[in-house]
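Here is a short round of questions on one structure. Look it over, then work through the answers.

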Amino acid sequence: MKDISEDSTYRRRKRREVLRRARRIRVLAFLLTLGLAIFLGVMLILRLSSPDSSGPLSEENSETATSEPEASFSQESEEPEEEHDSPSTAQSDGPDLSLTPGQQYLRGYSLFSVGQLERAAHYFQQSAEGDHPLKDYAQFYLARSYFGAQKYQEALSAFQALAKNYPDSYWYPDAQLGIADSYLELGDLAKAEENYGSFVKTYPQSPYLTRVLLQLGDCLEAQQKWDEAAVQYQNLWLRYPLSSEAGEAQERLDTLLSEQGISPPPPSFEQLYERALIFAQADQSDNALSQLEEIYQEISQDPSRAGLSRKILLQMGILNHQLRRFDAAIDILGQLMQRWPDSLEAQEALLWRGRIYPKVGKREKGIQVLLSLASRYPSSPFASRSLYEAAVFLEGDDRLEQAWQTYLTMVENYATDPLAVDGLWKASWISYRSGDMEKALQLFEQLTSSFPRSSLVGRALYWEARARENLGDQERALSIYSQLLNRGPLTYYGLRAAERVARITGGGDTGSGGPGEANEQEDSSGSRASDTVRSSGVEGRSKDNIPVFSEVGVRLQPGGQYFQEVSAPVFLADNPPSPQAVSHLEKGRELVELGLRSMAVNELELSQKLEPTNKNFLLELSDLYLQIEDYPHLIRIAEKSFREFLVRYETDSVFAWEMAYPLGYQPLVESYAGQYAIDPYLLFALIREESHFNPRAVSVAGARGLMQIMPSTGESIAANIGEHYSLESLQDPEKSIRMGSWYLKELLDKFDGNVVLALAGYNGGPGAAARWRDRFSGLEEDEFVESIPYRETRGYVKKVLRSYAVYQSIYGEK
């Protein structure tokens with residue numbers, strides 16, 4: 001349903017109406033006082049001469065309401081699964097009393113969605129008087145029906161009843177806003193001002209906040225509170241510059257100045273600086289840069305503004321870098337360093353200059369600048385970062401000895417810095433790739449002992465074991481692999497460990513149990529692997545030996561979808577959920593049954609917030625998420641609330657694994673997997689890691705849909721398969737799976753069935769994957785994955801491989 005608060009034309013018209021109403025009241029006050037008796041007499045005559053209405057909304061009003069904008073405080077409407085009543089089939093003489101209260105609500109909502117407000121109101125009224133979980137919904141939409149039909153007094157009463165009787169309702173904030181809007185429409189500006197002000201204080205994060213702030217200014221202006229209105233408009237312009245209301249607030253400030261001579265105190269330079277940063281954070285770099293340049297011109301020669309000048313110059317340098325104006329960025333940062341050489345901003349400017357020089361062909365100079373920062377300012381908060389980034393550049397240039405030493409210098413000098421563990425890992429990996437297994441062992445052991453809680457411990461343990469294998473110490477390697485399996489057999493490194501155990505022992509015990517592995521964090525280096533560690537190359541892994549981890553005998557017990565076939569454990573029975581949580585859950589259940597999915601999700605989310613640790617309650621909640629195929633919520637509950645079950649593969653943990661790794665969109669996945677000769681479990685794994693089965697997912701880079709296809713790639717795929725292309729098609733589950741499956745098949749064919757290279761190409765691009773194949777030719781598969789230069793792609797490949805193995809373990813043939 002359209003939100004009229006987003007319609008600038010409507011807002012301008014509404015403002016004119018408010019101001020015109022206020023002026024009319026002031027001009028006619030005297031005449032109204034003198035002629036009150038006559039006026040009431042005329043109104044009575046007019047009332048007596050008008051036809052009676054057949055209900056709270058007349059048929060005439062109902063017809064008018066269908067063409068009027070609807071209430072400005074509601075969310076988007078959703079189409080219920082039940083078909084809407086048409087004017088020819090819907091009865092105008094009242095609701096069908098044979099319907100249950102829930103069905104009456106659904107019928108009313110269907111009519112409301114197509115603008116049949118009078119008929120909808122009949123059903124909502126009847127539903128609101130019934131005994132069912134959705135009484136507050138019926139009350140809210142009854143109020144909305146009145147409001148949409150311009151029956152503002154009736155709307156006000158209905159909203160007030162909702163706020164009074166249902167304080168825990170999902171619609172309570174909207175009802176509060178509806179009360180304020182109703183007062184505004186009724187011309188009670190003082191009450192509207194009071195309620196809008198209360199809403200702003202109570203709901204500072206509301207999506208309607210900027211619209212409310214604008215209307216609050218309207219109320220103040222209409223009451224001739226010119227100064228207060230001007231301050232309100234200016235605050236809106238300063239604090240929410242990205243909103244559509246910000247421009248309108250500026251127009252009103254201009255009008256106040258020209259018509260009333262009213263102008264608020266000018267904003268401070270600090271306020272203008274913060275406003276510019278909002279544009280910078282929204283990736284509107286050009287806009288932010290122009291604003292900062294204007295401020296700097298005003299204050300650059302003012303010694304009392306030196307601190308702000310330094311901040312502005314630093315941000316101007318960073319923004320020019322983001323705009324790829326590298327020379328300008330270097331120059332601006334240089335000005336900062338020259339004027340205030342020992343300031344904190346100058347130290348950060350030095351870091352940025354070191355990052356930028358390689359982008360203008362001065363890589364060596366960039367490295368030297370980074371090294372000089374740590375040398376000149378060893379106590380700087382940027383010193384450890386500068387050493388780390390200098391080492392990354394050196395490693396990328398294959399200057400491995402210098403990179404190794406720089407990493408270790410950083411670790412030694414900044415042992416408590418969060419980057420220290422990453423630097424130690426980098427040095428360890430360089431030693432391994434260079435063939436110095438003894439040094440690698442020493443550094444891997446140092447990492448696990450010095451940073452026992454780091455997410456890199458599992459990785460370090462695995463590569464310590466691989467180093468011992470290379471040194472011929474298979475017994476110690478097997479011991480470490482067993483340790484990894486005890487940490488979690490279905491983590492990425494647990495699966496790799498099981499694979500190594502199977503190779504060494506010819507299929508021995510793979511172990512189980514223990515806590516799982518956390519997500520990794522590491523910067524990419526782009527470094528080249530040494531030729532000293534070579535065996536069966538990654539290019540040799542072809543169709544004959546996929547799926548990946550096929551040697552591993554780790555399997556879960558048979559289960560199927562646990563909600564139907566596997567009994568989840570019963571947790572503490574003496575931990576009942578709160579009545580509020582139960583209420584929201586029951587509303588969600590009712591909305592699920594009525595086919596109102598997005599409304600159901602709202603209620604289920606509220607119930608989950610109220611009972612985030614009650615496992616029995618969460619299992620019941622998960623059942624509803626599964627019914628509406630809301631896999632992202634299902635996965636999040638499993639990973640957050642049942643994490644302890646996701647480290648074992650016994651029968652009592654199957655329910656958690658199936659929650660965390662659902663067979664979302666199974667018919668479509670299996671259909672296109674068969675059409676393109678792809679293992680369906682690989683498709684399930686890819687979709688899970690790309691979007692968590694959310695068809696509306698949009699990445700920061702602009703990838704869309706279940707399989708996160710970039711628009712340009714999607715257009716090319718559509719042309720190849722003869723599919724009509726539109727941006728919206730990428731978020732259609734069937735089209736996304738079809739296009740993504742076709743593209744994955746193309747990559748598998750390009751790389752001779754190699755799953756690792758195909759996944760690397762899916763995320764990093766086929767050209768990059770081909771370069772890495774040639775660059776790292778001869779490495780074993782685990783070494784190749786660890787050497788992928790792009791951090792994001794390296795992590796992506798690990799996650800999908802892990803999920804692929806998990807799907808095989810849960811659902812594959814036993």
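Helices here are DSSP runs of H or I, at least four residues long, numbered from the N terminus. The model is predicted.

Q: Which helix holds Leu272?
A: Helices are numbered from the N terminus. One of them covers residues 269-281, and Leu272 falls in that run. The helix is H13.

Q: Is Leu272 buried, partly exposed or exposed?
A: Buried means under 20% relative accessible area, and exposed means over 50%. Leu272 has 22% relative accessibility. Leu272 is therefore partly exposed.

Q: How many Å apart in space are Leu272 and Arg239, C-alpha to C-alpha?
A: In sequence, Leu272 and Arg239 are 33 residues apart. In space, their C-alpha to C-alpha distance is 9.6 Å.

Q: What span should helix H10 have, and how far apart are its end C-alpha atoms?
A: Helix H10 takes in residues 209-222, which makes 14 residues. The rule is 1.5 Å times one less than the number of residues. For H10 that gives 20 Å, and the end C-alpha atoms agree at 20 Å.

Q: How many residues of H10 are buried?
A: A residue is buried when its relative accessible area is under 20%. H10 is mostly covered. The count of buried residues is 14 of 14.

Q: Which residue with a positive phi follows H10?
A: The residue sits in the loop between H10 and helix H11 (226-239). Its phi is about 65°, although it is not a glycine. At 38% relative accessibility it counts as partly exposed. The residue is Gln224.

Q: Where is His692, and what is its phi?
A: His692 is in the loop between helix H33 (680-691) and helix H34 (711-721). His692 is partly exposed, with a relative accessible area of 21%. It is not a glycine, yet its phi is positive, at about 55°.

Q: How many salt bridges does the structure hold?
A: Side chains of opposite charge can pair when their charged atoms come close. The cut-off for a salt bridge is 4 Å from nitrogen to oxygen. The structure holds 37.

Q: Which side chain meets Arg399 in a salt bridge?
A: The N to O distance is 2.8 Å in the pair of Arg399 and Glu364. The partners are 35 residues apart: Arg399 is in the loop between helix H19 (383-396) and helix H20 (400-413), and Glu364 is in helix H18 (residues 363-376). Arg399 is partly exposed at 23%, and Glu364 is partly exposed at 37%. The partner of Arg399 is Glu364.

Q: How many residues apart are Glu780 and Arg500?
A: Their side chains meet in a salt bridge of 3.2 Å, N to O. Glu780 counts as buried at 13%, and so does Arg500 at 7%. Glu780 is in the loop between helix H37 (766-775) and helix H38 (781-787), while Arg500 is in helix H25 (residues 492-505). The pair links parts of the chain that are 280 residues apart.

Q: Which helices does the salt bridge of Lys798 and Glu786 tie together?
A: The closest N and O atoms of Lys798 and Glu786 are 2.7 Å apart. Lys798 counts as buried at 4%, and Glu786 counts as buried at 5%. The partners are 12 residues apart in sequence, Lys798 in H39 (residues 791-811) and Glu786 in H38, so the pair ties together H39 and H38.

Q: Which residues join into one network of salt bridges?
A: Salt bridges that share partners make the network. Its members are Arg466, Glu469, Arg500, Arg503, Glu780, Asp782 and Glu783.

Q: Which helix gives the most to the lining of the second largest pocket?
A: The pocket holds about 440 Å³ of space. Its lining has 17 residues, and Glu605, Leu606, Gln608, Lys609 and Leu610 lie nearest the centre. Helices H27 (579-594), H28 (597-610) and H30 (631-641) each give two or more residues. The most, 6 residues, come from H28.

Q: What classes of residue line the second largest pocket?
A: Leu counts as nonpolar, Gln as polar, and Glu and Lys as charged. Over the lining, the counts are 5 nonpolar, 7 polar and 5 charged.

Q: Why does the second largest pocket lie between two domains?
A: Both domains give residues to its lining, so the pocket lies between them. They are domain 1 (101-269) and domain 2 (579-660).

How values were computed:
Residues numbered from 1 in each chain as written. Predicted model: local features only at pLDDT ≥ 70, side-chain atom pairs only at ≥ 80, totals over all residues. Heavy atoms only, no water. 1 Å grid on protein atoms, 1.4 Å probe; cavity = no way out; pocket = protein on both sides within 12 Å on 5 of 7 lines; lining within 4 Å. Points joined across faces, edges and corners; volume = space filled by probe spheres on them. Domains from an automatic or database assignment. Buried < 20%, exposed > 50% of the residue type's maximum accessible area, 1.4 Å probe, protein only.
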